[in-house]
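Biologist: I would like a close look at a single part of this model. Please start from one residue and its contacts, then work outward through the helices around it.

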Amino acid sequence: MTVRSGSPGWYLRRLSRMGPREVGGRVGDTVRRRRWRSAPPDCPGVTGARFTAVLPAGTIAAVPPDAAKRLVAEADRLMAGHAEYFGVDRDDLADPDWFHDPKTGRRAPSGYAFDVPYRDEEAVGDIKQIWELSRHQHLTVLAAAYAVTGDERYAERAAGHLRSWWAANAPLRGVHWTSGIELGIRLLSWVWVRRLLDGWPGAADLFEGNPVALNQIWHHQRWLAAFPSRGSSANNHVIAETAGQFAAACAFGWFPSSARWRADALRSLERQLRANTFGSGLNRELASEYHGLVLELGLAAVAEADAADVPVPASVRLVLLRMTDALAAVVDNRLRPPRQGDADDGHGLVVDGAGTDRWGSLLATGDAVFGRLAWWPAVTGTDVRTPLLAALIRPYAKGGTAPAVSRPASRPAHFADAGMTVLRGPEKIWCRCDGGPHGFLSIAAHAHADALSVEVRHDGVDVLADPGTFCYHGQPEWRRYFRSTLGHNTVELDGEDQSVSGGPFLWTRHARSRVLVADASDGGTARWCAEHDGYRPSVHRRRVELTAASQELRVVDEVRGPRRAVRLAFHLGPAVAADLVDSRAALTWSVDGEDRSAVLDLPGQLSWRAHRGESDPPLGWYSAGFGRKEPATTLVGTGFTDGTEDFTTVLGFHG
């Protein structure tokens, strides 16, 4: 059943996941929106504003030449009017229409912001396409290009886009005033545009000397103070809101309310960073890309605090330290993290060109700020963002309030609170096993029905792949597939998901998993075992063994309970070709010009079929990034379980 976001059924289901305090807060929000329609708040007058949160002398000189070259190439592409967002090429960036969706051709309506039905693609277009450009992260790229080259063309284009956007987006009018995460990230971008343009003669007149800019900055902060993400929605969105609010209140602290906004945002940021992060350092949404987004936002917020000499609670830096160590622990040998849960290509701060490794950049910043541990993977790439952030953030040991912290002496493999285990074998075999909670908070907005799924790579190549996310709004059949149980390397019973969906960002019943064994011993046989109750009264239990000597991964599935129809899926990465004969698949791929192969022996009790690029219904797809998908082979075994037999799969890699 498809439940459309915004339908009466969806609202009822959404309400059922809220507590009394959240309901009360949302009622207050509704009252405030109605009041602002007829009596919007007014920006107070500002005099004598100065921007002082500049980069220290010598910072730009520390940018590696190859990173600067990539940045300038990206800026030149933007100057030519070209950019790509979520698989759609745009050629209108010389003078963009801020309300145009290039994917559907639709244009978002104007009017009072809270009347815009932004979830309705028929009325508005693809909201992600419309919102992304207005995060103004292309302007931080242009501003960074100005900073490293001194070429005023980049500064003038960035200034022209800001003036255009401010003129087209009066406060509380239109789709760009409907979502707090967009306002928060946009504010952070404006802070960095102003900082990177500091040497340009027109910078002050563009920002602190410009009444239009002051009005926009004030209204963004007033909006964020009035409409925080609440309760069951307090996930990565609230981190973006508070980080942007805090950054602006530090760097643009020109208003009577700036000190209060700064204090409130810091208090919220500290609380929400802790709430959104497991003690192990992994993000509680169990969506790997959001781990990166939250870490970027947190580091950017600390940079503003240190630039403004605002004391930050020690717990903020400690959470970011643990997040960085956790990231270093879970990446594969190519520095790729798991592909768990939702991913929408969201970034906190963008000052780099295409080809820069996002995860290597975060680890490089972590090294500069916290210091790398001996077991961390090596980072060989370069980036622009690390020297900029490192110039502002005090190194952790010199932070003044840094407590004595025990960091892992060796690379962690099992994260008990998150239910994630990473098994590693010879020849760069990497296997993620999922036995954790079904997402975060009562709605688990960015979770997938992927309990007990495995993800296997060989030298960074997806062999048994997590297919990804592809879309959020507007294509419900694809959204349903990519977050479904069938869309993951696990067992499906009776054609149903393990957890029950109530909408594209809402789960009304969550499967509960528990890890029974997690032994990631090096050099021998690493073992993992977990079970979940999503198919009550049946119980699905899975055992995984990775044997180093034989380079063999064994997966044993047990389903205990009444007779039920079963489907077992294994999704291959797009680089992997499969020759399926009966219950054996010969797999081949290449990496760095070298041919590789493996054999996948599948349970003989099931009838196996290969699927690739099917659309009705969707099956056999891989999404490398948001808005992009490509055909990939999915092997599906169908049959029945009587509650007594096991299904054994063996993946053997050839040397």
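Modeller: Start with Thr386. Setting aside neighbours within four places in sequence, Thr386 is in contact with Ser361, Ala364, Thr365 and Ala368. This is a predicted model. Thr386 sits in helix H16, residues 385–392. Its relative accessibility is 10%, under the 20% limit, so Thr386 counts as buried. Leu363 lies 23 residues away along the chain, yet the C-alpha atoms of Thr386 and Leu363 are separated by 9.2 Å.

Now turn to helix H15, which covers residues 358–370. Two helix pairings involve H15, one with H13 and one with H14.

Take H13 to begin with. Helix H13 spans residues 288–307 and packs on H15 at an angle of about 40°. Their axes are 11 Å apart. An angle of about 40° is past the 35 degrees that would count as roughly parallel, so H13 and H15 are oblique to each other. H13 passes H15 in a left-handed crossing. On the H13 side, the contact residues are Ser288, Glu289, Gly292, Leu293, Leu295, Glu296 and Leu299. On the H15 side, they are Arg358, Trp359, Leu362, Thr365 and Phe370. Thr365 therefore appears twice: it meets H13, and it touches Thr386.

H13 itself can be checked for length. It has 20 residues and reaches 29 Å from its first C-alpha to its last. The expected value at 1.5 Å a residue is 28 Å, so the two are close. Of its 20 residues, 19 are buried, so H13 is largely enclosed by the rest of the structure.

Just after H13 comes Asp309, with a positive phi of about 60°. Asp309 is not a glycine. It lies in the loop between H13 and helix H14, residues 314–330. At 60% relative accessibility, Asp309 is over the 50% limit and so counts as exposed.

Past that loop is H14, the other partner of H15. H14 and H15 pack at an angle of about 130°, with axes 10 Å apart. They are therefore oblique to each other. The crossing of H14 past H15 is left-handed. H14 brings Arg317, Leu320, Leu321, Thr324, Leu327 and Ala328 to the contact. H15 brings Trp359, Leu362, Leu363, Gly366 and Phe370. Trp359, Leu362 and Phe370 of H15 meet H14, and these residues also meet H13.

Leu320 leads to the core. The largest nonpolar core has 141 residues, and Leu320 is among those with the most contacts inside it. Val175, Trp190, Trp192, Leu197, Phe207 and Phe252 are also in that group. Val175 touches Phe99, Ala108, Val116, Tyr118, Val124, Ile127, Ile130 and Trp131, not counting residues up to four places away in sequence. A second, separate core holds 39 residues, including Leu423, Ala530, Phe570 and Ala585. In soluble globular proteins, nonpolar side chains tend to be buried together.

Helix H11, residues 236–251, gives another example of an enclosed helix. Of its 16 residues, 15 are buried, so H11 is largely enclosed by the rest of the structure. Its end C-alpha atoms are 22 Å apart, in agreement with the 22 Å that its 16 residues should span at 1.5 Å a residue.

One more helix pair is worth setting beside those above. Helix H6 covers residues 137–149, and helix H7 covers residues 152–168. They pack at an angle of about 155°, with axes 7 Å apart. That angle is over 145 degrees, so H6 and H7 are roughly antiparallel. Their crossing is left-handed. His138, Leu139, Leu142, Ala145, Tyr146 and Thr149 in H6 meet Glu152, Tyr154, Ala155, Arg157, Ala158, His161 and Leu162 in H7.

The loop between H7 and helix H8, residues 180–196, contains Leu172. Leu172 has a positive phi of about 70° although it is not a glycine. With a relative accessible area of 4%, Leu172 is buried, whereas Asp309 is exposed.

Two cis peptide bonds complete the tour. One joins Arg536 and Pro537, with omega about 10°. Pro537 is in the loop between strands S12 (525–532) and S13 (539–547). Another joins Asp616 and Pro617, with omega about 0°. Pro617 is in the loop between strands S20 (614–615) and S21 (618–619).

Notes:
Residues numbered from 1 in each chain as written. Predicted model: local features only at pLDDT ≥ 70, side-chain atom pairs only at ≥ 80, totals over all residues. Heavy atoms only, no water. Core = buried A, V, L, I, M, F, W, Y, C linked by side-chain atoms within 4.5 Å. Buried < 20%, exposed > 50% of the residue type's maximum accessible area, 1.4 Å probe, protein only. Contact = heavy atoms within 4.5 Å. Helix = DSSP H or I, 4+ residues; strand = E, 2+ residues; numbered from the N terminus. Axes fitted to C-alpha atoms, helices over the stretch in contact; angles between N-to-C directions. Parallel < 35°, antiparallel > 145°, perpendicular 65-115°, else oblique. Left-handed = near helix turned anticlockwise from the far one by under 90°.
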